[in-house]
Structures are given as structure tokens and as C-alpha cells.
Amino acid sequence: MGVMSRRVVPVCGNLCVFCPSLRARSRQPVKRYKKLIADIFPRNQVAELNDRKIGKLCEYASKNPLRIPKITDNLEQRCYKDLRNESFGSVKVVLGIYRKLMSSCKEQMPLFANSLLGIIRTLLEQTRADEMRILGCNTLVEFIDCQTDGTYMFNLEGFIPKLCQLAQEVGDDERALLLRSVGLQALSYMVQFMGEHSHLSMDLDKIISVILENYMDVQSKYNLAKVEKLNSQSQNQLVQGSPKEEDRLHSLPDITKKDPSMLNVVAGIETESKLDTAKNPAYWSKVCLYNIAKLAKEATTVRRVLEPLFHNFDTENHWSAEKGVAYCVLMYLQSLLAESGDNCHLLLSILVKHLDHKNVAKKPNLQIDIINTTTQLAQNVKQQASVAITGAISDLIKHLRKCLQNSAEASSIGNDAYKFNAELQSALEMCILQLSNKVGDVGPILDLMAVVLENISNTTIIARSTISAVYQTAKLITSVPNVSYHKKASAFPDALFHQLLLAMAHPDHETQIGAHSVFSMVLMPSMFSKKVQSDNFSNQRESFSGSEHLNGKLVEGKVTAGVSGKNFFTPTLTDGKDDLSSLRLSSHQVSLLLSSIWVQATSVENGPANYEAMAHTYSIALLFTRSKTSSYMALVRCFQLALSLRSISLDQEGGLQPSRRRSLFTLASYMLIFSARAGNFPELIPKVKASLTEATVDPFLELVDDIRLQAVCIEPEKIIYGSQEDEIAAIKSLSAVELDDKQLKETVISYFMTKFSKLTEDELSSIRNQLLQGFPPMMHIHRDLHFLWRHQGPVLHLLRLSSQILMRRVNEFVEQQQLLCDGGSS
């Protein structure tokens with residue numbers, strides 16, 4: 001009966017003292033693991049760690065793995081009982097047994113892992129016993145350190161909220177610092193474990209928030225001295241040659257350097273550190289940041305890591321330069337990401353994209369701080385033309401366009417919004433400049449500018465802001481070497497050239513002027529590199545008349561004083577020839593440019609600034625033809641364009657208003673004078689200038705030193721360009737022109753025949769025929785403009801010529817092509 005009672009009711013062996021079948025206690029079979037556990041926890045004695053007895057129990061468990069669940073059940077019951085009785089000594093012994101099991105029974109880990117994790121969870125909930133919470137964190141760290149795979153990943157992830165709560169313990173006393181330190185230590189191992197197994201926690205936002213909160217608490221008076229001493233004594237600089245921190249950052253912990261002891265902790269190397277890290281939350285916050293940086297192994301994980309970091313910076317206003325928190329943290333992360341390749345460039349790209357985030361988009365002061373932080377971070381990255389950097393520049397140009405548009409739409413210049421916008425523009429330009437220098441090659445940026453211009457809007461204000469943003473970018477990259485296109489004989493990029501030609505035919509005349517400005521800036525950057533500044537788009541008109549610009553520079557370096565019959569220009573265009581930032585125009589591009597000028601010059605919507613821009617572009621095209629082997633043919637084509645425009649200006653039935661014809665006459669006269677200088681025809685210049693009398697010259701255009709055409713600003717009270725009064729004055733001006741068009745052509749032909757007398761008879765005949773005929777623009781220029789009119793909006797007013805003049809130009813083109821074929825010239 002005793003045997004049966006013990007089988008049916010196990011408690012019977014302890015209670016049924018009068019049972020006739022009851023055996024003596026000494027004769028009942030006792031499990032050995034119970035005896036071993038009883039020896040570890042003797043009755044009526046304070047439980048202490050006995051390594052010898054614990055070793056026996058673990059040795060027994062390793063030889064009898066099936067007994068491990070029963071052993072853990074026994075230990076769990078004892079642990080929970082001792083926690084209720086606040087016998088913390090016994091609890092420490094139980095955790096000591098588990099630690100020994102983890103080291104000696106690794107293969108049997110699945111048999112006791114859940115039991116241990118349950119005990120740790122219970123320990124972390126003991127809010128009234130700090131010692132137990134610390135014990136639970138330390139045991140959790142040891143458990144994580146023993147893992148070889150991700151089997152318990154999701155079990156461990158459940159501890160993150162409790163650890164975050166522990167790391168947010170309020171207070172600056174020794175107790176609070178200790179609790180925060182152990183919590184951050186456990187989080188650091190947790191993050192490291194997740195990184196080793198390519199896992200990102202859903203609570204990453206909480207982890208980052210806790211890390212930054214502890215980082216900020218380091219500024220407390222109690223702990224700041226320790227942290228600064230720690231950083232000054234035990235850290236090595238990560239990025240060599242990086243600029244020193246500003247004085248305003250000296251009050252913050254320097255986390256831009258690696259701590260060797262920290263690296264040992266992260267790598268799992270146990271060393272005896274002389275530093276007291278047990279009560280230093282700042283130290284473990286750096287360890288957490290280090291491990292979080294190691295999570296960012298690819299573009300997706302980099303974004304996932306940075307997004308919660310940026311969100312915290314937004315909500316807590318850590319971007320501000322006064323605090324300097326964002327720069328310090330991101331600088332440290334950037335230095336770690338640099339070890340993994342181009343991820344440091346990716347950080348800059350993601351940082352720029354953050355400007356579009358809903359938390360930042362409508363806060364210009366926050367955007368300024370972010371852009372300034374990006375500029376500072378860009379100073380420390382290596383020079384490389386990566387996709388991430390060029391993408392960041394593209395995004396910055398878009399923001400610059402929006403900024404310029406907001407400035408144009410601002411109702412008042414003196415309000416706060418306008419001031420913020422001006423500061424934002426300055427910050428954007430500085431960031432573009434810094435990132436462009438890190439690209440180290442102007443080629444990708446020029447291709448980027450072509451993409452920006454590809455979708456230019458027909459809306460006036462958007463088009464102006466777009467071309468202005470591209471213009472400012474072109475000014476900022478003047479000092480960037482041209483590596484890509486220098487290898488291709490410095491050819492002007494076709495994509496950008498095509499988009500600039502279309503922009504020159506835009507309906508808005510300010511956009512047209514901007515396209516000419518961009519063309520000059522890109523083609524001859526060395527002329528403008530000394531004058532890189534952030535002036536507004538409204539000042540672009542002045543870019544053609546400044547003393548340091550192209551024509552003025554040519555006076556100093558390429559034109560000799562006097563008319564002594566010597567060559568006015570040096571034999572070759574030497575400006576920028578050996579400069580890596582200079583570009584060259586191909587013969588085909590020069591032809592397209594001259595054709596584009598012909599189309600623009602015959603527009604009825606031109607103003608004085610448009611003619612000034614065309615004159616400037618014409619001079620560039622002419623000068624670049626001098627380096628061609630068949631430069632005389634290009635010179636003939638330039639003269640042909642100038643003579644054709646002069647003929648149109650004197651044609652009363654051409655469809656142009658008198659004011660435009662007068663301006664066109666002045667433009668054509670300038671072209672002839674400049675072409676005469678380039679072709680060394682000094683005798684032609686006085687004859688052309690003789691027709692530019694006070695009665696015939698355009699009062700809105702001024703010929704400066706025979707080498708620059710400049711728009712003149714006249715007070716509106718006196719006369720308005722294109723008004724009825726101005727039209728009447730223009731008719732009188734044109735009627736006073738004495739030099740006949742046919743006579744001028746014969747004079748030019750005679751000079752060509754004399755100068756190029758060594759050419760063959762056929763070549764001289766071809767030159768004569770071309771000069772006698774009108775300028776034949778390349779037909780696909782018309783097709784491009786027609787495509788632009790159909791697909792990008794009506795630009796009909798730009799090409800509004802009468803049908804008669806248009807048909808006459810087409811007929812002249814056909815006749816010219818026939819003559820060229822007959823003369824054997826292409």
C-alpha cells in the first residue's frame with residue numbers, strides 16, 4: 001500500500017506517518033542531482049558560492065542531460081522562493097549555477113535556456129531590489145556572449161523594453177549611474193548580437209533614444225569630469241587629419257575617437273581595464289553607438305539605423321550648432337562607416353534626403369542646421385565620385401531651386417521668412433561646394449545639371465529659379481577639375497549643351513539669359529573662378545559686363561593695343577588650354593550654337609539683355625573656332641551670320657518691330673567688329689563703326705572698347721524699350737544707316753580674298769558664295785524648337801516671324817546648299 005500510495009499520491013511519503021507499507025526515509029531512492037543541489041544549499045546556513053560543489057552538479061548534468069530539465073525546475077522553484085523571502089544570497093548561488101551550466105554544458109543549452117531567461121526576466125522586474133536587477137543584466141550579458149546562433153533572437157528582443165527602462169533611471173547619484181551603466185552594457189551586447197546575425201530590432205528607435213539621452217546626461221556636473229578624463233587618456237583618433245572641433249564643442253564628450261578598451265569589449269576580448277566603466281553610462285553609450293554602426297552593412301540597414309537617429313535629433317533639436325550633439329554623434333558614426341567602404345558617402349546622401357522629411361520640410365531653421373552639419377561632415381570624407389555624393393548634390397540643387405523660388409515670391413525683403421531663406425540659400429551653396437570638391441571631377445556634376453534642365457518648366461517663376469539654381473551650381477564648381485571630359489579632349493558635354501540650347505529658346509527671356517550665363521560659366525570656368533559668390537539671379541545680367549569677365553579678360557591677355565596691322569589675337573586660344581577645368585567646343589557644337597543665335601536673334605520678344613547675352617556667346621563661339629584646322633571656314637560662317645542678321649535688321653518687311661531691328665543692327669555691327677578683330681581685318685573695323693553714329697546706335701546697347709556689347713539701363717521716366725515712342729525713334733535711327741548691305745559684303749569678301757590668297761580657286765569661290773548668301777541655320781535646330789513648342793508649351797512668340805521671311809530663309813538655305821555642292825565644298 002505504501003508503494004501504491006507513493007505512486008498515486010507522491011506527497012503520501014511525507015504525510016502518511018501511520019501507513020503500514022511506509023519504508024524508512026533512508027531506504028527510499030534519492031536522485032543524485034537532488035543531493036548535489038542540497039549540498040550547495042545547506043540548511044540553516046547562508047548560501048555561498050562553492051565552485052567545487054557547483055562543478056560536481058554541472059559535471060553530473062553534462063553526463064545526464066535528461067536530468068537537466070528537472071535540475072532547472074528545482075533551481076527555478078528555489079530562486080522564486082528566495083526572491084519572495086528576499087534571500088538574495090541564495091538567488092546569487094542559483095545564478096552562479098546557471099553561469100557554470102552555460103560554460104560547461106553549451107551543447108545542452110536548449111534544455112535550460114528558457115528557464116534561465118525566465119529567471120532573468122523576473123530579476124529585471126525587481127524594482128525594489130537594485131542588486132537583483134544588476135545581477136539580471138550581468139547574467140543576460142553572459143548568456144548573450146555564449147550564443148553561437150540566432151536561436152534565441154526573439155526571446156532576447158523581448159528584454160529591450162526592460163533594459164531601456166533601466167537605462168533611463170532618473171538621477172545622477174551613484175546608484176542611478178550604476179543602473180544606467182548595466183542597462184546600456186546589456187543593450188550594447190544585444191545590439192552586437194543582432195548585428196552578428198543580421199537582425200534589426202523593431203525597438204531600435206527606443207535603443208537610440210536611450211543612448212542619446214545618456215550621452216546628453218554626461219554634461220551633468222557630477223559625471224562630466226570623469227568622462228573628459230576618460231576621453232583624454234584612453235582614446236585614439238580614428239580619422240587622421242580631420243579638423244579640430246570648435247571651441248563650442250569642448251563641453252561635450254569627444255566621441256569622434258575610438259577607445260581601445262571599448263573595442264576590446266565589443267570584440268569579446270576580456271582585458272583588465274584600468275578605467276572605471278561600471279558607473280559610466282557615457283562609455284557604454286559609445287559602445288552602443290559603435291555596435292549600431294556595425295549594423296549598417298548595406299544601404300538598407302544604413303537608412304534603417306539613421307532614420308530613428310535623425311528623428312530623435314529632430315524632436316530634441318540636437319541639430320543646432322550650439323548643442324553640437326548631432327555633429328559629434330554623426331562624425332563618430334561616419335568614421336566607423338568609413339571602414340566599410342562608401343557607406344560614409346551614403347550617410348551624407350541620407351542626411352540630405354532627410355531635408356524632405358515631414359518633421360523638417362517646413363522648418364527652415366532646422367534645415368539650415370542639418371545642411372551645416374552635412375557640410376562639416378563632408379570635410380572628412382575621402383574624395384570619390386560616388387553615386388551617393390552626386391545624388392546628394394542633385395537633391396541640394398532641387399532645394400536650392402525651391403529656395404530661390406521662395407525668395408522670388410517673398411512679399412517683403414525684410415521679414416523673417418526672407419532672412420531665413422537667405423541663410424538657407426547660403427548654407428545650400430556652401431554644402432554644394434563642399435560636396436563638389438569631394439567628387440573631385442566636374443564631369444558627373446555637369447551631367448547632373450543636364451538632368452535638372454531636362455524637365456525645365458514653362459512656368460516663368462519655376463523656370464527662372466531652375467536656371468538660376470543651375471547657374472549658381474556652375475559658379476560653385478569652377479574650381480573643380482575636369483577629369484572625365486579632359487580625357488575626351490575636353491569636349492563640352494553633349495547632354496548639357498543640348499539642354500542649354502533648348503533653354504536659350506525658352507519663352508521667358510530671363511531664362512534665356514540664364515542659359516547663356518550657364519554656358520559661359522561652364523565653358524570658361526577659369527575666367528570666373530576668382531569671382532565665385534552667391535549673388536542673386538537678378539544680377540546675372542551683369543555677368544556679361546563685369547571687368548573680370550570673358551571679353552574684358554581678352555582685352556588684357558589676347559588683344560594688343562593699336563591698329564598696326566599685327567594680329568590682334570594670339571594664334572591659339574591659350575586661356576585654360578592646360579587647365580583641367582576648361583572645356584572645348586567641337587565644330588559641330590559651334591555650328592549648332594551659331595544656328596541657335598540666329599533663331600534667338602530673330603525673336604520679337606528680345607530685350608537689350610538678350611542681345612548682350614547673344615553677343616557674349618557669339619564671341620565665345622568665334623574664339624573657339626580659332627583652334628580648328630579649318631578655322632577660316634568657321635570664320636566665314638561667323639561673318640555670314642553677322643551679315644545675315646544685319647540684312648534682317650534693315651529689312652522693313654521682315655516682321656520685326658523697329659526697336660528690335662535697331663537692337664539687331666547694333667548686335668550685327670558688334671559681331672562684325674569682333675569678327676574683324678579675330679580674323680585680323682583691322683581695316684574693316686572703322687567702316688563698320690562708321691555706321692554706328694549717334695543717330696543709328698541703339699541707346700539701350702553700348703559698344704565698350706569694340707570688344708563687348710553691354711546693355712544700358714535707362715530710367716523708365718525717359719523712355720521704355722519697345723514703347724510707341726521708342727518705335728518711332730527706332731525707325732528714324734534705321735533710316736539713317738548709310739552703309740549698303742551689298743557694299744559691305746563685297747568689302748568683307750575682298751578682305752578674305754586677300755588674306756587667304758594661298759587657298760585654291762575652288763576654296764576661294766566657296767568662301768565668296770557663302771558670304772554672298774544668307775546664313776543657313778542647321779535644320780534640326782528648328783526641329784528641336786518645334787518639339788519644344790509641342791511638348792513643353794507654346795513658345796510660338798519666340799519664333800514669330802512672318803511667313804514671307806521664313807520662306808525666304810528656307811529658299812536661301814536650299815540655294816546655298818546647291819552652290820556648295822556645285823563648288824565641291826561640304
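This passage describes the overall composition, helix packing and selected residue environments of a predicted model.

The secondary structure of the chain comprises 36 helices and four strands. Of the 826 residues in the chain, 54% are buried. Among contacts with a sequence separation of 6 or more, 75% involve residues that lie 24 or more positions apart.

In soluble globular proteins, nonpolar side chains tend to be buried together. In the present model, the largest nonpolar core holds 224 residues, and the members that touch the most other members are Met449, Phe492, Phe519 and Phe752. For Phe752, with residues up to four places away in sequence set aside, the contacts are Tyr632, Leu635, Val636, Phe639, Phe681, Ile767 and Leu771.

Two helix pairs that involve the region from H18 to H21 were examined for their packing geometry. Helix H19, formed by residues 364-378, and helix H21, formed by residues 416-439, have axes that come within 9 Å and cross at roughly 20 degrees. Because angles under 35 degrees count as roughly parallel, H19 is classed as roughly parallel to H21. The crossing of these two helices, H19 and H21, is left-handed. On the H19 side, the contact is formed by Pro364, Asn365, Gln367, Ile368, Ile371, Asn372, Thr374, Thr375 and Ala378, which meet Phe420, Glu423, Leu424, Ala427, Leu428, Met430, Cys431, Gln434, Leu435 and Lys438 of H21.

The second pair consists of helix H18 (residues 343-353) and H20, whose axes come within 8 Å and cross at roughly 20 degrees. By the angle criterion, H18 is therefore roughly parallel to H20. A left-handed crossing is found for H18 and H20. The residues of H18 that take part in the contact are His345, Leu346, Leu348, Ser349, Val352 and Lys353, and those of H20 are Ala388, Ile389, Ala392, Asp395, Leu396 and His399. An α-helix has 3.6 residues a turn, so residues three or four places apart point the same way. Such spacing occurs within the H20 set, which includes Ala388, Ala392, Asp395 and His399.

The loop between H19 and helix H20 (387-409) contains Ala385. With a relative accessibility of 44%, Ala385 counts as partly exposed. The C-alpha atom of Ala385 is separated by 9.5 Å from that of Gly443, although the two residues are 58 residues apart along the chain. Beyond residues up to four places away in sequence, Ala385 touches Val439 and Pro444.

Helix H27 spans residues 587-601, and its end C-alpha atoms are 21 Å apart; this agrees with the 21 Å expected for its 15 residues at 1.5 Å a residue. Burial extends to 13 of the 15 residues of H27, so this helix is largely enclosed by the rest of the structure. A buried position is also found in helix H30 (residues 658-678), where Ser663 is located and has a relative accessibility of 0%. Apart from neighbours within four places in sequence, Ser663 is in contact with Tyr611, Asp698, Leu701 and Tyr721.

Towards the start of the numbering, Leu83 belongs to helix H5. This leucine, Leu83, is buried, since its relative accessible area is 10% and the cut-off for burial is 20%. The C-alpha atoms of Leu83 and Thr122 are separated by 9.3 Å, with their positions 39 residues apart along the chain. Thr122 is also among the contacts of Leu83 outside its neighbours within four places in sequence; the others are Phe88, Val91, Leu123, Gln126 and Met132.

Positive phi values were found in two loop residues other than glycine. Glu86 has a phi of about 60 degrees and lies in the loop between helix H5 (68-84) and helix H6 (88-104). Its relative accessibility of 53% means that Glu86 counts as exposed. Ser198 has a phi near 50 degrees and is placed in the loop between helix H11 (174-196) and helix H12 (204-217). Ser198 is likewise exposed, with a relative accessible area of 66%.

Conventions
Residues are numbered from 1 along each chain as its sequence is written. This is a predicted model: local features need pLDDT of at least 70, side-chain atom pairs count only at pLDDT 80 or more; totals for chains, interfaces and linings use all residues. Side-chain values use heavy atoms; hydrogens and water are left out. Buried means under 20% relative accessible area, exposed over 50%, partly exposed in between (1.4 Å probe, protein chains only). Contact means heavy atoms within 4.5 Å. The expected span of a helix is 1.5 Å times one less than its number of residues. A nonpolar core is a set of buried Ala, Val, Leu, Ile, Met, Phe, Trp, Tyr and Cys residues joined through side-chain atoms within 4.5 Å. Axes are lines fitted to C-alpha atoms, for helices over the stretch in contact, and angles run from 0 to 180 degrees between N-to-C directions. Angles under 35 degrees count as roughly parallel, over 145 as roughly antiparallel, 65 to 115 as roughly perpendicular and the rest as oblique. A crossing is left-handed if the near helix is turned anticlockwise from the far one by less than a right angle, and right-handed if clockwise.
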